[in-house]
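User: I am new to this structure and would like a close look at a single part, followed by a connected account of the contacts elsewhere. Please take it step by step.

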Amino acid sequence: MFFALGRWCARRPVRVLAVWAAVVIAVVAAMALQGRVTTEAVVIPGSDSQAARDAAETLPGPASGNQPIVLHTTPDGPELTSAAARRAVEAAAAEVAAADHVVAVATPYGPSGGAAMSADGHTAYLSVGLDVTGRDITPEISEAVLSAAEPARGAGIEVTAGGDLAAAVDKRSTAHSELIGLAAAAVILFLTLRRILAAGLPLLVGVLGLVVSLSVIGLVGHLLDMPSSGATIAAMIGLGVGIDYTLFCLTRFRGLLAWGHEVPEAVGHTTASTGKAAAFAGGAVAAALAGLALGGLPLLHALALAPGIAVLVAVLAALTLLPALLGLLGHRLGHRTRGRREGRRAQAKPAATRPTPGPADPIASPAVRSGPSGAEHIERDEHIEHIEGAADITEPVHARARRFAAHVADRPWRYLLASLVLLAVLAAPAARLTFGQLDAGDKATGTASRTAYEQLAEAFGPGANGPVQVTETLPTAAEGPSDHRVAPVTEALARTPGIEAVGPARIGPDGRTVLWQVTPTTGPGDPRTVALVEQLRGTTLPEATAGTGAATHVGGPTAAQADLNARLADRMPVIIATVVLVAGLLLLLAFRAPVVAAKAAAMNLISVAASYGVLTAVFQWGWGADLLGLDGPVPIPGYVPLLMFAVLFGLSMDYEVFLLTAVRESYLRHRDNRRAVVDGLTGTAGIISSAALIMLCVFLSYLLSEDPVVKMFGIGLAAAVALDATVVRGLLVPTSMVLLGSRNWWLPAWLDRVLPRVDIEGTPTPAPRARAHTAKPAAQPSEAGAGSRADHLPAP
């Protein structure tokens with residue numbers, strides 16, 4: 001099927017490209033018309049904070065809630081209580097009230113506005129209500145509201161949006177990060193492929209896949225709550241895997257062209273082998289992300305769906321768009337000196353004496369085939385040159401890689417222990433990893449959110465930025481705020497340590513729902529505010545409502561984040577176990593070797609633990625945080641490590657499959673375990689290094705983002721990829737395989753009978769038609785990864 005799909009696309013490139021062009025235009029136009037919707041709201045079904053939120057929504061009020069517009073003057077400037085300042089502020093309030101979508105504006109001079117004016121008179125805020133929810137506040141709406149406040153600005157008053165208005169203003173494109181990542185990838189691709197046209201192809205496929213996936217994700221935001229970081233994370237992962245998958249396929253295609261295959265057949269065999277492997281790897285990423293559904297949280301669903309869409313689009317591009325482009329460009333993607341070099345080699349020596357490429361060469365590797373008697377035997381290919389590039393460039397690299405692999409294989413215990421010690425040191429800080437809550441004070445300096453947060457905190461206390469909502473549901477309607485079931489709660493809240501102020505009790509239209517706005521003495525991201533929420537839930541409110549039959553709930557941003565982190569901590573062991581099990585089963589299906597599958601899962605766990613340690617040291621402890629543009633340590637939200645775990649486990653499957661396939665091919669040829677490890681490590685070192693370096697550059701480019709969450713993903717994913725491609729794949733995997741010997745490929749007879757046979761690398765490639773300037777090869781070339789077809793390995 002994969003062969004037929006690739007050849008069909010190669011023979012009809014114009015049709016395929018036309019379909020892709022139509023898809024790109026359609027999704028981009030749809031997003032331009034409908035807009036991209038994101039929201040930072042956290043919905044936690046069944047939680048106490050969600051119950052409080054649902055109860056509060058029954059009270060009348062604007063759809064957006066009260067959004068602050070902060071007014072501030074310097075200490076040597078005019079006080080906002082002066083007559084001139086008051087006239088300017090009231091004029092600004094009138095203009096804001098006339099803006100589109102604004103339904104209410106409260107000034108600090110009204111009957112209930114005293115709490116909105118600071119004691120020194122230099123800071124105040126307007127409370128603005130809009131007819132749209134927070135998720136639907138666009139940058140255009142926010143800018144219009146701010147522009148309407150020009151009378152206050154003209155009087156020398158600094159005007160800054162807060163809340164969701166500020167979040168909309170602060171939304172910035174990450175295009176600069178994508179451009180930097182693409183520029184770095186272009187350099188690496190050119191050094192790897194040595195031809196501009198070939199180097200540009202992975203970039204083109206990656207960018208088109210990125211455009212489609214981001215547009216689809218933007219439209220999905222209309223259907224579910226999609227956090228703003230979701231699209232950024234999807235861009236990071238989608239761009240990296242899109243370029244990597246294309247690089248793997250292009251390398252395979254160039255090797256087939258060098259061997260003499262016609263373009264459509266070369267494309268078909270590329271899709272049937274490397275394209276199928278890319279589909280397997282992409283499916284593994286999607287399966288790992290699907291494990292997050294066990295968290296039972298809409299936030300996890302959205303954060304898993306966004307990168308999942310990006311990966312699936314990258315796979316679809318590798319299976320359809322790339323074959324069409326390969327068929328259209330054909331030999332122009334091959335090595336620049338291929339024809340001359342083949343001619344010289346054909347004249348210099350007969351085909352029978354041509355050097356046989358390395359056993360791990362994804363094109364010229366031996367194939368396991370069944371003879372007339374049914375017994376398996378090995379056929380060796382004769383290939384003209386290595387697929388990684390021109391021979392005069394790759395041969396020294398190949399030789400150095402072989403020397404390093406042999407050196408490691410000869411000292412397995414030394415390098416195994418050294419790599420384990422290194423990873424253990426990096427993972428040690430992860431033992432102190434705790435889940436926390438980010439707030440606007442953690443935003444970049446100069447953003448509207450950060451400015452408004454600091455001005456309100458200085459004037460009204462840090463708790464003003466994250467009020468706690470307390471709701472009470474009564475069995476019967478209350479007579480008023482002085483009701484014997486309402487007043488005791490107000491009094492209990494007022495005398496609770498850690499509470500700065502308690503707003504008047506608001507009673508809903510049904511008389512049964514009561515709401516208090518509580519201002520803590522600490523900020524929303526402060527652990528002491530979380531402790532206050534727990535105290536209110538555990539002792540204060542139960543004691544105040546004892547015997548009344550009333551149900552109380554505590555909500556607000558801090559309470560919601562505390563509930564989210566608690567839910568994540570509770571579900572995390574199940575999610576991790578599920579992802580590990582799925583990854584292990586996929587590797588077991590691919591290689592039919594339980595030891596290999598279990599060992600790979602264990603090493604992935606070690607690699608992820610090390611990246612968690614780096615994440616903890618940099619962000620939670622603040623080591624080097626200033627180099628990332630942060631003022632110091634910042635809390636790590638619970639969903640960051642969990643999403644990282646799923647993504648990394650899926651991404652590691654790509655390199656794992658590529659390396660283990662090469663090792664297994666060599667082992668099936670000569671049954672020498674040490675030699676197989678050396679051959680596999682040698683043959684895959686170049687392509688894995690290039691692919692990992694591209695991924696690393698893409699991830700690190702997102703450190704330029706002002707969002708701390710995006711920085712966390714950038715550092716965490718980059719650290720994991722760097723460790724996975726060097727320490728794990730370069731040291732830990734080969735040394736452990738050398739020590740395990742033939743036990744790596746042990747398969748019990750009963751498991752051999754029940755396991756389905758999955759060939760992720762395709763069938764052996766038939767011999768190409770001989771070219772006029774080359775002698776006919778002595779043996780038929782084999783398909784990349786054909787060793788994966790030898791499923792009946794004897795027990796050691």
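Analyst: In this predicted model, a polar atom of the side chain of threonine 496 lies 2.6 Å from the backbone oxygen of alanine 492. Threonine 496 has its place in a loop, the one that runs between α17 (487-494) and β8 (499-502). Its relative accessible area is 5%, and because the limit for buried is under 20%, threonine 496 counts as buried. Leaving aside residues up to four places away in sequence, threonine 496 touches Leu532, Gln535, Leu536 and Thr540.

From this polar contact we can turn to charged pairs. Side chains of opposite charge can pair when their charged atoms come close. Over the whole structure, a search finds 16 salt bridges, and one of them joins arginine 674 to aspartate 410, with 2.8 Å between the closest N and O atoms. This pair links distant parts of the chain, since arginine 674 belongs to helix α22 (residues 673-701) and aspartate 410 to helix α14 (residues 391-410), 264 residues apart. Arginine 674 is partly exposed, with a relative accessible area of 33%, and aspartate 410 is likewise partly exposed, with a value of 46%.

Helix α22 also holds a salt bridge of its own, in which the side chains of arginine 675 and aspartate 679 meet at 3.8 Å, N to O. These two residues are 4 residues apart in the helix, so about one helical turn separates them. Here the two partners are placed unlike each other: arginine 675 is partly exposed at 40% relative accessibility, whereas aspartate 679 is buried, with a relative accessible area of 2%. Elsewhere, salt bridges that share partners join Asp48, Arg537 and Asp563 into one network.

A further salt bridge brings together the side chains of arginine 528 and aspartate 526, at 2.8 Å from N to O. Arginine 528 counts as exposed, because its relative accessibility is 56% and the limit for exposed is over 50%. Aspartate 526, by contrast, is buried, with a relative accessible area of 19%.

Aromatic rings supply another kind of contact. A pair of aromatic rings is described by the distance of the centres and the angle of the planes. The structure holds 4 aromatic pairs, and among them is the pair of tyrosine 125 and phenylalanine 460, whose ring centres are 5.6 Å apart and whose planes stand at 80°, so that the arrangement is edge-to-face. Because tyrosine 125 lies in strand β3 (residues 123-130) and phenylalanine 460 in helix α16 (residues 448-460), the pair ties together parts that are 335 residues apart in sequence.

The last topic is the nonpolar interior. The largest nonpolar core has 167 residues, and within it Leu201, Phe253, Phe619, Tyr639, Val640 and Phe699 touch the most other members. Helix α12 (residues 298-329) gives the most to this core, contributing 21 residues. If we follow leucine 201, and again set aside residues up to four places away in sequence, leucine 201 touches Thr246, Leu250, Leu322, Leu325, Leu326, Leu329 and Leu333. A second core, separate from this one, has 31 residues, including Ala92, Val102, Ala152 and Ala168.

Terms used:
Residues numbered from 1 in each chain as written. Predicted model: local features only at pLDDT ≥ 70, side-chain atom pairs only at ≥ 80, totals over all residues. Heavy atoms only, no water. Buried < 20%, exposed > 50% of the residue type's maximum accessible area, 1.4 Å probe, protein only. Polar contact = N/O pair within 3.5 Å; in protein donor to acceptor, adjacent residues only side chain to side chain. Contact = heavy atoms within 4.5 Å. Salt bridge = Lys/Arg side-chain N within 4 Å of Asp/Glu carboxyl O. Phe/Tyr/Trp six-rings, centres within 6.5 Å; stacked < 30°, edge-to-face > 60°. Core = buried A, V, L, I, M, F, W, Y, C linked by side-chain atoms within 4.5 Å.
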